[in-house]
Amino acid sequence: MRTIPPHAFPASPRGHLALGGVDALDLIREFGTPLHVLDEDRLRGNCREYREALARVYGNGRVLFASKACCIAATCQIVHQEGLGVDIASGGELYTALHAGIPAADLVFHGSNKTRDEVEYGLRAGVGRFVVDNTYELDLLEELTARTAARAEILLRLTPGIEPHTHKAIQTGGVDSKFGFGILEGAAYQAVARARAMERVRLRGLHAHIGSQVFDLEPFRLEATALVDFAARIRDELDVTTEELNLGGGLGIRYLSTDEPPAKAAYVNAVIDVVRARVDQHRLTPPKVFIEPGRSIVGDAGVTLYTIGAIKTIPGVRTYVSVDGGMYENPRPALYGARYEAVLAERPFAEPTQTVAVAGRCCESGDVLIWEAYLPDVHSGDVLAMFSTGAYTYSMAGNYNRFPRPAVVLAGGGRARVVVEREGYDDLVRKDVVL
Ligand SMILES: Cc1ncc(COP(=O)(O)O)c(C=O)c1O
């Protein structure tokens, strides 16, 4: 079957883009634009690929979904049905996951500045693990577990001093980072020494996350090496057993035809090879290994459908093709120069004839979703499909210019259903107080 590059979605019998077996034009007829569509088979397939890849090479492991990539009830439910746990990073994500029916024990609570209320909420809910980021959080846990007689099982988030080659704004594992306890400057060691002595807090292991949209496997190998070596050191010097090792997420996905991200299995094999080898070398008890991808689970399952409106050509300069969405529903291009590809949903195989800028509707010159889109002749009213929009789009969306957020639709097996309703103007003023 001929599929639409670069993301291998099939065409419908009418030759249009099809998502989850539903013709994209039928989707917009029923649900309108802009529309975030999640292809259910691809979402489930990504979960299975990770789960099976890990199970093949390491019996004692678990995949978690980093829900920040797209934290809505439906994604939490689907990934959990596929056997994944869920990483949450705020009270709101915790609430969403619980609302979706995910058992608290399957939740891993991240966050670099959890508030007292959030820590209390996590304790009350009984989240499986807190990933403790700093001494402020250790203080809070100490105080709150003592007061409520609760217990907390924790991992410590470490910064191993590794800079993956990616955009600076999404580098998180280096020395100069707001996240975690630095291994190199000794903060991690001190945190372990403190945590192991805490009465109602059980230190289960170590965590790190070095960055996002990473294609090079070497930084992940270095990260795994740093964590296992640190586990050996704290065993030798502090008599602390690392039962669990959480290696974070970060594997990149294909946004552009030219992107060649490693396969999920290649990533899993790479990190497990290192863990195994270093664990053997140090004669450590093999820990349970967690990975927590977000983007590579939900990213390429998402496609955004837009209706083209105004088209402005500035001779010799550029053509702006405006769509009915923008940075309010996908801030990634404006925020850190993220790049995408698009086709016309009705003619996905039409040869591109021009390079245009796909502009959003917000009152910012920088609200351009694609600066260089290769498209055939386009007309107002055409439907543009932008690929790989499943991660960090809807979850980062807002209401700038008071644009209501789009609906999210799950398409699979030839049918589609709304999983987040489109906002209306009434939603926009719901919390406003009129004087
Ligand atoms: C702690 C942690 N884990 C996992 C992830 C998921 O990363 P990605 O979506 O790149 O896989 C993130 C994202 O920033 C993160 O901060």
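# A walk through the chain, starting at strand 20

Ala-342 sits across from Met-386, a residue of strand 20. That pairing is a good place to step into this predicted model, and strand 20 will be our base for the first part of the walk.

Ala-342 belongs to strand 17 (residues 342–344), which runs antiparallel to strand 20 and is joined to it by 3 bridges. Strand 20 also has a partner in strand 15 (residues 302–314), again antiparallel, with 5 bridges between them. Met-386 turns up here too: the residue opposite it in strand 15 is Thr-304. If you have the structure open, try finding Met-386 and looking for Ala-342 and Thr-304.

How many of the residues of strand 20 are buried? Strand 20 covers residues 383–387, and 5 of the 5 are buried, so the rest of the structure largely encloses this strand. It helps to recall that side chains in a regular strand alternate between the two faces of the sheet. In strand 20, Val-383, Ala-385 and Phe-387 point one way, while Leu-384 and Met-386 point the other way, and all are buried.

Follow the chain onward and you reach Ser-388, in the loop between strand 20 and strand 21 (407–412). Ser-388 is buried because 24 C-beta neighbours lie inside 10 Å, and 20 or more is the cut-off. Its backbone deserves a look as well: phi of Ser-388 is positive, about 60 degrees, although the residue is not a glycine. Most residues other than glycine have a negative phi, and most peptide bonds are trans.

Two other places in the backbone are worth a visit with that in mind. Arg-283 also has a positive phi, near 55 degrees, and is located in the loop between helix 9 (264–282) and strand 14 (288–291). Is Arg-283 buried or exposed? Arg-283 counts as exposed because it has 8 C-beta neighbours inside 10 Å, and 12 or fewer is the limit. The other place is the peptide bond from Thr-33 to Pro-34, which is cis, with omega near -10 degrees. Pro-34 lies in the loop that links helix 1 (24–31) with strand 5 (35–39).

Now move to strand 22 (residues 415–420), where you will find Val-418. With 14 other C-beta atoms within 10 Å, Val-418 is partly exposed. Setting aside neighbours within four places in sequence, Val-418 makes contact with Phe-31, Ala-407 and Val-409. Val-418 and Ala-74 are 344 residues apart in sequence, yet their C-alpha atoms are 9.7 Å apart in space.

Next comes the ligand. Its shell consists of 16 residues, and the closest are Ala-66, Ser-212, Gly-249, Gly-294 and Arg-295. Sorted by class, the shell holds 4 nonpolar, 8 polar and 4 charged residues.

Finally, step back to see the whole chain, with its 12 helices and 22 strands. The domain assignment gives domain 1 as 3–39 + 299–429 and domain 2 as 110–293, with 35 Å between their C-alpha centres. Along the principal axes, the C-alpha atoms fill a box of roughly 70 × 55 × 40 Å. The radius of gyration is 23 Å, which agrees with the value near 22 Å for a compact globule of 435 residues. Of those 435 residues, 49% count as buried. Among contacts with a separation of 6 or more, 69% come from residues 24 or more positions apart.

Methods:
Residues are numbered from 1 along each chain as its sequence is written. This is a predicted model: local features need pLDDT of at least 70, side-chain atom pairs count only at pLDDT 80 or more; totals for chains, interfaces and linings use all residues. Domain bounds come from an automatic or database domain assignment. A residue is near a molecule or strand if its C-beta atom, placed from the backbone, lies within 6 Å of it. Ala, Val, Leu, Ile, Met, Phe, Trp, Tyr, Cys and Pro count as nonpolar, Asp, Glu, Lys and Arg as charged, and the others, Gly among them, as polar. Helices (H or I, at least four residues) and strands (E, at least two) are DSSP runs, numbered from the N terminus. Two strands pair if DSSP finds at least two bridges between them. The radius of gyration is taken over C-alpha atoms; the globule rule is 2.2 Å times the number of residues to the power 0.38. Two residues are in contact if their C-beta atoms, placed from the backbone, lie within 7 Å.
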